[in-house]
Amino acid sequence: MTRISVKVDGTAYEDEVEPRLLLVHYLRDRLGLTGTPVGCDTTNCGACMVDLDGKSVKSCSVLAVQADGGEVTTIQGLASADGEWHPLQRAFHEQHALQCGFCTPGMIMAARDLLRENPDPTPEEVREGLEGNLCRCTGYMNIVRAVLAAAAEERRHQAPEPGAVAEHAEPSTAGSGAPV
Amino acid sequence: MTDQLTGREPEVGRARVRKEDARLVTGRTNWTDNITVPGLLHIAILRSPMAHARIERIDVTPALERPGVVAAYTGRDLAEGLGSLPCAWPVTEDIVLPEHPPVAVDEVRHTGDPVAVVVARDRYAAADALEAIDVDYEPLPPVLNMEAALAEGSPLVHADKGTNRCYTWPLATGEDYATVRERADVVLRRRFVQQRLIPNAMEPRAVVAVPPDTSDQYTLYSATQIPHIVRVMMAVVTGIPEHRLRVVAPDVGGGFGSKLQVYGEEAIGLAVARKLGRPVKWTESRSEGYLATHHGRDQIQDLELAATRDGRLLGLKVDLLADMGAYLMIVTPGVPLLGAFMFPGIYKMDAYDFTCTGVFTTKTPTDAYRGAGRPEATFAIERMMDELAAELGMDSVEVRRRNWIGHDEFPYTTIGGLTYDSGNYESATDKALALFGYDDLRSEQRKREERGDPVRLGIGVSTYTEMCGLAPSRILRDLRYGAGGWEAASIRMLPTGKVEVLTGTSPHGQGHVTSWSQIAADVLGVPFEDVEVLHGDTRTVPQGMDTYGSRSLVVGGVAVHRAARKVVDKARKVAAHLLEASEDDLDFADGVFSVKGSPDAHKTIQEVAFATFTSHDLPDGLEPTINAEHVEDPEAFSYPHGTHLCAVEVDTETGRVRIRSYVCVDDVGKVVNPMIVEGQVHGGLAQGIAQALFEEAVYDEEGNLVSGTMADYLVPCAADLPDFLTDRTETPATTNPLGVKGVGEAGTIASTPAVVNAVVDALRPLGVTDVRMPCTPERIWRALRDARSARPEEGSS
Ligand code: FES
Ligand code: FES
């Protein structure tokens, strides 16, 4: 057993863990933070992505002991303290970028990382940036739309024009109808 | 469109964002693997490493020595309380129905067949202890090739049955095929292979079984599409009385048919919970799921198409071999037959001759995978139409026009014996051609060919239809299916004016909570926000037939609509009493009953609901409720259709395929929520394209699954897929009051042939007439090489 201290979604924890315990199982089974799911055993699906010290990682490929002294953000810690959703959460909702929602936590965490590195990506850059995340439901198109919409919103937020109010993401233009 | 009288915008047709999303985007989810209960133990399952072997000896006692291990069982230990896993679709009278114990007792018949079960305090301890179990296997010959399996002297998957042939199911309609064939100018023969696929719902399967304790019931949580069917079947398999078994499908992360199943692990969970009196959980790892969760497709299709010189179809002959795998699961034998009626597609012809033979092999059982039988049929006919066009030097759209059912010919009874109620293939096709820029792409294609461009352009067409809305119960009887095809809904009008809709459908990504709210809100005239939809728990919703086969809206959504209409009918009686008017004198609009001619006299439906709650002032004999339920047995299947067009660039030097554009115009009838419909189409396209280009479950000659992990089986990621241009035409179904047809499988069914047709179209000038799926660079390269060596004199023009 090894003693670790780690901050998860703003709360500090100290725990004795087996050295082989995966971070994702620590989050799910020990801390009860089940918002981060497990979709594979070969680090292919990305469902388990969380943010560890400012980088998105697949928490199924990190040991809990490796997170010792670190800070983890999961999908459950993404909304602001007053419950306001992260722009990506909002955009995924508005652009219908989730169906079953199993891939969504990982997609959002990966997209957040992507936008930190590249705040104004092209659709191709979004597709390539999400290569480590699989979704079986959506065909990805709405996920790409959502990431672009969130990027646009965050850029507006960062540099608001004088007097401009940060608005929700633009509704999709293609397809059969903008969401209401 | 706004209601002229009330100013209320109809909910049906609006792109409502989903009610489901709030929990899902914030991680407040309830996947089965998230569920924990006091005293929970964990199950791990030892699985056969061999495709076929006799279990000579098995000893689980060493596992019991391992730390944290509570119990360990062999198949024989569990056999006492557990029956065979069920097949609900014995398609012929003489079908071979093998025993299928949840844990193998004497013999294993595919890699991954369970042989022992360990129960421990946590998932790591359970998994560790598996290696302590001793098993001696006596290898038996694997059975891997369907044609060899049927040959005299082949080793047998089920020796006691004396054959690997599961069934043969024939259908011959119209004129005699052989006679019709005599009249043909052209007879085309092709063999297509529908490769085996792994469904890959992103949520792995999981089961939590809780014995009676603080509740008097067993509770089974399962990542399933079919909680209601699982309840009935688990009662039969485990002997737990049905009324003492509650089945819950919590949040379920996709299914695509793979969770339309009654699985051994559900039975194992209940059996162990019963033995130990402790709650247990089993969650598959992805690689375990690749062996243990059913596969899809896997057919060899021999086709013969007879036509006239001017491109008119005369007859179609289909000979199928369908791989059942090692056992018959819930609808394994029926899946290919869901396609039996669909091979003729949207086309008119004089004769149709179909035979399907189901074959046992030592592989993971197959069963429904998105489309289930219909993608296979659509692929075959749409590929054949392109082959015919090529043979006759005709445009591939033109050859379809000459044969399809005209929009003025509906309702039309096809050669397959189905009556298509409505459709307009002309208008969907014209719209798709315009969006696609068909003529321009054809001329670019010619130019590239003329200049010998190593990157060729190919254009693929797929004009599909499918049968949805499973299913009219009497038709299911005729097909020897073991249950009905109805769906149930009930509506509770709560005293505070809120509404609960209970649906027997069991969504796992389809957005039923949102769409059913829209349907109910319209009929009842209540706000969308005031409707809650409950599902997936046999205690809350006792009656249901669950979600698969694009049936939920067409059967379950219609049930909601009709239940809501019954609420209004009941409310009308109460309102008439409250307003002291006759029922006939009441108008009902926008949730308000008003007396004709005196609009000031009115009651809202919520007021009526409250009046039945107090019941202080109801006339004698009037039941004090306006709650209602409806069980909908559809009168017919529904027939969505559409035209899909795909342009690919194929690099003849590397074999790489790039989808340049993909356009589809689908006609799914009336649309409840266009945003959800578009999402269903996108997801379907991705899976159909994946079959065409990427995915295949590959076995080696020992019967090991080579593509046994997500690292070896290519589920496409965002970078592998293009944007889609989707649009719709709207020809309402005439067989249900909503005019809806279903959309869950359309994209998958249509897209596979569109893509493969495009690939072959690109390479046809180089002598290629087929590329086997998935059309990988290697397969394309080989097809080009073979074509070149077959026509050496033509070189690589
Ligand atoms: S669960 Fe971590 S990548 Fe799949
Ligand atoms: S929404 Fe189901 S896997 Fe992405």
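## Interfaces of chains A and B

Across the interface of chain B and chain A there are six salt bridges. The model is a predicted one. One of these bridges joins the side chains of E695(B) and R136(A), with 2.6 Å from N to O. Polar contacts add to the picture: 28 residue pairs are counted between chain B and chain A, both partners at pLDDT 80 or more.

**The chain B side**

Several elements of chain B each give at least two residues to the side that touches chain A. They are α1 (21–26), α4 (123–129), α9 (286–292), α19 (674–693) and β28 (725–728). The largest share comes from α19(B), with eleven residues. By class, this side of chain B holds 29 nonpolar, 18 polar and 13 charged residues.

In contact terms, 60 residues of chain B meet 51 residues of chain A. Chain B and chain A bury about 4800 Å² between them. Of that area, 57% lies on carbon and sulfur atoms. V25(B), Y124(B) and M202(B) supply 16% of what chain B buries against chain A, more than any other three residues.

**Chain A and its two domains**

Chain A has 180 residues, and 56% of them count as buried. Five helices and five strands make up its elements. From the N terminus they run β-β-α-β-β-β-α-α-α-α. Among contacts in chain A between residues at least 6 apart in sequence, 55% join residues at least 24 apart.

The chain is divided into domain 1 (1–77) and domain 2 (78–159). Domain 1 of chain A gives 20 residues to the contact, and domain 2 of chain A gives 16. The C-alpha centres of the two domains lie 21 Å apart. Between them the domains bury about 1300 Å², 53% of it on carbon and sulfur atoms. On the domain 1 side, C45(A), M49(A) and I75(A) lose the most area to domain 2. Together these three account for 35% of what that side buries.

Charged and polar pairs also cross between the domains. Four salt bridges are found there. K55(A) and E117(A) meet through their side chains in a salt bridge, 3.5 Å from N to O. Eight residue pairs are in polar contact across the domain interface, both at pLDDT 80 or more. Strands β3 (49–52) and β4 (55–58) of chain A each supply at least two residues of the domain 1 side that touches domain 2. The residues of that side divide into seven nonpolar, ten polar and three charged.

**Helix α2 of chain A**

How many of the residues of helix α2 (residues 87–94) of chain A are buried? Eight of its eight residues are, and the helix is mostly covered. The buried residues are P87(A), L88(A), Q89(A), R90(A), A91(A), F92(A), H93(A) and E94(A). They pack against α3 (104–117) and α5 (141–158) of chain A. They also pack against α1 and α19 of chain B. Both of those chain B helices are among the elements that supply at least two residues to the side touching chain A. After α2(A) comes H96(A), with a positive phi near 50 degrees.

**A buried pair in chain B: E107 and H52**

E107(B) sits in strand β4 (residues 107–108) of chain B. H52(B) lies in the loop between β1 (41–47) and β2 (53–59) of chain B. Is E107(B) buried or exposed? E107(B) counts as buried because its relative accessibility is 13%, under the 20% cut-off. H52(B) is buried too, at 4% relative accessibility.

The side chains of E107(B) and H52(B) make a polar contact at 2.8 Å. The side chain of H52(B) also reaches the backbone oxygen of P141(B), again at 2.8 Å. Leaving aside residues within four places in sequence, the contacts of H52(B) include E107(B), V108(B), R109(B), P139(B), L140(B) and T362(B). With residues up to four places away likewise not counted, E107(B) touches H52(B), R54(B), D113(B) and Y327(B), among others.

The named side-chain links are set out below.

| Link | Kind | Distance |
|---|---|---|
| E695(B) and R136(A) | salt bridge | 2.6 Å |
| K55(A) and E117(A) | salt bridge | 3.5 Å |
| E107(B) and H52(B) | polar contact | 2.8 Å |
| H52(B) and P141(B) backbone oxygen | polar contact | 2.8 Å |

Conventions
Residues are numbered from 1 along each chain as its sequence is written. Chains are lettered from A and ligands numbered from 1 in the order in which they are written. This is a predicted model: local features need pLDDT of at least 70, side-chain atom pairs count only at pLDDT 80 or more; totals for chains, interfaces and linings use all residues. Side-chain values use heavy atoms; hydrogens and water are left out. Domain bounds come from an automatic or database domain assignment. Contact means heavy atoms within 4.5 Å. Buried area is the accessible area (1.4 Å probe) that two parts lose on being put together, summed over both. A polar contact is a pair of N or O atoms within 3.5 Å; within protein, one must be able to donate a hydrogen and the other to accept it, and residues adjacent in sequence count only if both atoms are side-chain atoms. Helices (H or I, at least four residues) and strands (E, at least two) are DSSP runs, numbered from the N terminus. Ala, Val, Leu, Ile, Met, Phe, Trp, Tyr, Cys and Pro count as nonpolar, Asp, Glu, Lys and Arg as charged, and the others, Gly among them, as polar. Buried means under 20% relative accessible area, exposed over 50%, partly exposed in between (1.4 Å probe, protein chains only).
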